[in-house]
Amino acid sequence: MTQLPPSLHELQAVFDRWAQSIQKIKSHNERIVFTRAEMPALLMNRRLLKKILTDIVEGKRYPDVRQATMFLNEFILYINKQRLFSTRLYIYEPGQYTPIHDHNSWGVYGCVCEKVEVIRYRRADDETRPGYARLHETERVILQPGDTSVVQPLNDGIHQAGNPATGACVMLCVYGTPIRRLYVNQYDYMRNSVSRLYPPRLRKKRLAGQALETMGAA
């Protein structure tokens, strides 16, 4: 569970209210509908979001920039203690895009400032060849401030997101309860390849294990 500072009591109240409502909703599609209806009010609260960004610049303890995240431009704002949802902030430099990847949960994306582009893909191979994946691009969506978009888990949500604008853009994301998979798939569209992306802690353990195997065989 993420503990927000007293100065962000307004944001804590939003997350508490979301948790109470989401807990009562069983279907993940209905949770998406609820979250998507709630997010625009937060996305357009520039005063609150500018405070969060200012606190990052000033090195405040929240959000914790030292907390390990899957992507370098990712800031964890909140993780519900029951894992009902988490909320994360992403800041993209001009022209910066994530690798093509999937997710382990449903998610709702929203644009805070500038523009966010979401590019969706469909997997076209039969998934029988290790390390091979052939993708077809299916859709490109441009989100303006206050706009939201949805991502589904696993193959139904293969996508990449990024910044087509000339200034830094900010994206707010809410993710649902993750499935029990310790990695996400990342794809190389041009090389028709797929690999596993592990969280930083697991990544380091795997690297150490590989090094031990090499040393043991020498």
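## Lining of the largest cavity

In this predicted model, three strands each supply at least two residues of the lining of the largest cavity: E2, E8 (159–162) and E9 (169–176). E9 provides the largest share, three residues. The cavity holds about 50 Å³ of space. The count of cavities of 30 Å³ or more comes to one.

The lining is made up of Phe71, Tyr90, Tyr92, Thr98, His101, His103, Tyr109, His159, Ala161, Met171, Cys173 and Tyr175. By class, eight of the lining residues are nonpolar and four are polar. None is charged.

## Histidine 101 and isoleucine 100

Histidine 101 is one of the residues that line the largest cavity. It sits in strand E3 (residues 100–101). Its relative accessibility is 4%, so it counts as buried, the limit being under 20%. Leaving out residues up to four places away in sequence, histidine 101 touches Phe71, Gly157, Ile158, His159, Asn185, Gln186 and Tyr187. Of these contacts, Phe71 and His159 also appear in the cavity lining. Asparagine 185 lies 84 residues away along the chain from histidine 101, yet their C-alpha atoms are separated by 5.5 Å.

Isoleucine 100 is also placed in strand E3. This residue counts as buried because its relative accessibility is 5%, against a limit of under 20%. Again not counting residues up to four places away, isoleucine 100 touches Tyr121, Leu135, Ile158, His159, Gln160, Asn185, Gln186, Tyr187 and Tyr189. Ile158, His159, Asn185, Gln186 and Tyr187 are contacts of histidine 101 and of isoleucine 100. From isoleucine 100 to asparagine 185, the C-alpha distance is 8.4 Å, with the two positions 85 residues apart in sequence numbering.

## Threonine 87 in strand E2

Strand E2 spans residues 85–92 and includes threonine 87. Threonine 87 has a relative accessible area of 0%, so it is buried. Neighbours within four places in sequence set aside, its contacts are Phe15, Trp18, Phe75, Ile76, Leu77, Tyr78, Leu172, Cys173 and Val174. Cys173, one of these contacts, is also a lining residue of the largest cavity.

## The largest pocket

The largest pocket contains about 1000 Å³ of space. Its lining has 30 residues, and those nearest the centre are Met70, Arg83, Arg88, Pro178 and Pro199. Two or more lining residues come from each of E1, E2, E9 and helix H4 (200–217). E2 gives the most, with four residues. The lining divides into 16 nonpolar, eight polar and six charged residues.

## The second largest pocket

About 160 Å³ of space lies in the second largest pocket. This pocket is lined by 13 residues. Gln67, Thr69, Phe71, Leu72 and Glu74 lie nearest its centre. E1 and H4 are the elements that give two or more residues to the lining. E1 contributes the most, three residues. Eight residues of this lining are nonpolar, two are polar and three are charged.

Phe71 recurs across these sites. It is among the residues nearest the centre of the second largest pocket, it lines the largest cavity, and it touches histidine 101.

## Helix H3

Helix H3 covers residues 46–57. Its 12 residues should span 16 Å at 1.5 Å a residue, and the end C-alpha atoms are 16 Å apart, so the two values agree. Leu48, Leu49, Ile52, Asp55 and Ile56 are the buried residues of H3. They cover an arc of only 120° around the axis, so they fall on the same side of H3. An α-helix has 3.6 residues a turn, so residues three or four places apart point the same way.

On the other side of H3, Arg47, Lys50 and Val57 are exposed. The buried residues pack against helix H1 (9–24), helix H2 (28–43), strand E1 (74–79), E2 and strand E4 (107–113). Glycine 59 follows H3 and has a positive phi, near 75°.

Notes:
Residues numbered from 1 in each chain as written. Predicted model: local features only at pLDDT ≥ 70, side-chain atom pairs only at ≥ 80, totals over all residues. Heavy atoms only, no water. Buried < 20%, exposed > 50% of the residue type's maximum accessible area, 1.4 Å probe, protein only. Contact = heavy atoms within 4.5 Å. 1 Å grid on protein atoms, 1.4 Å probe; cavity = no way out; pocket = protein on both sides within 12 Å on 5 of 7 lines; lining within 4 Å. Points joined across faces, edges and corners; volume = space filled by probe spheres on them. Nonpolar A, V, L, I, M, F, W, Y, C, P; charged D, E, K, R; others polar. Expected span 1.5 Å × (residues − 1). Arc of directions from axis to C-beta.
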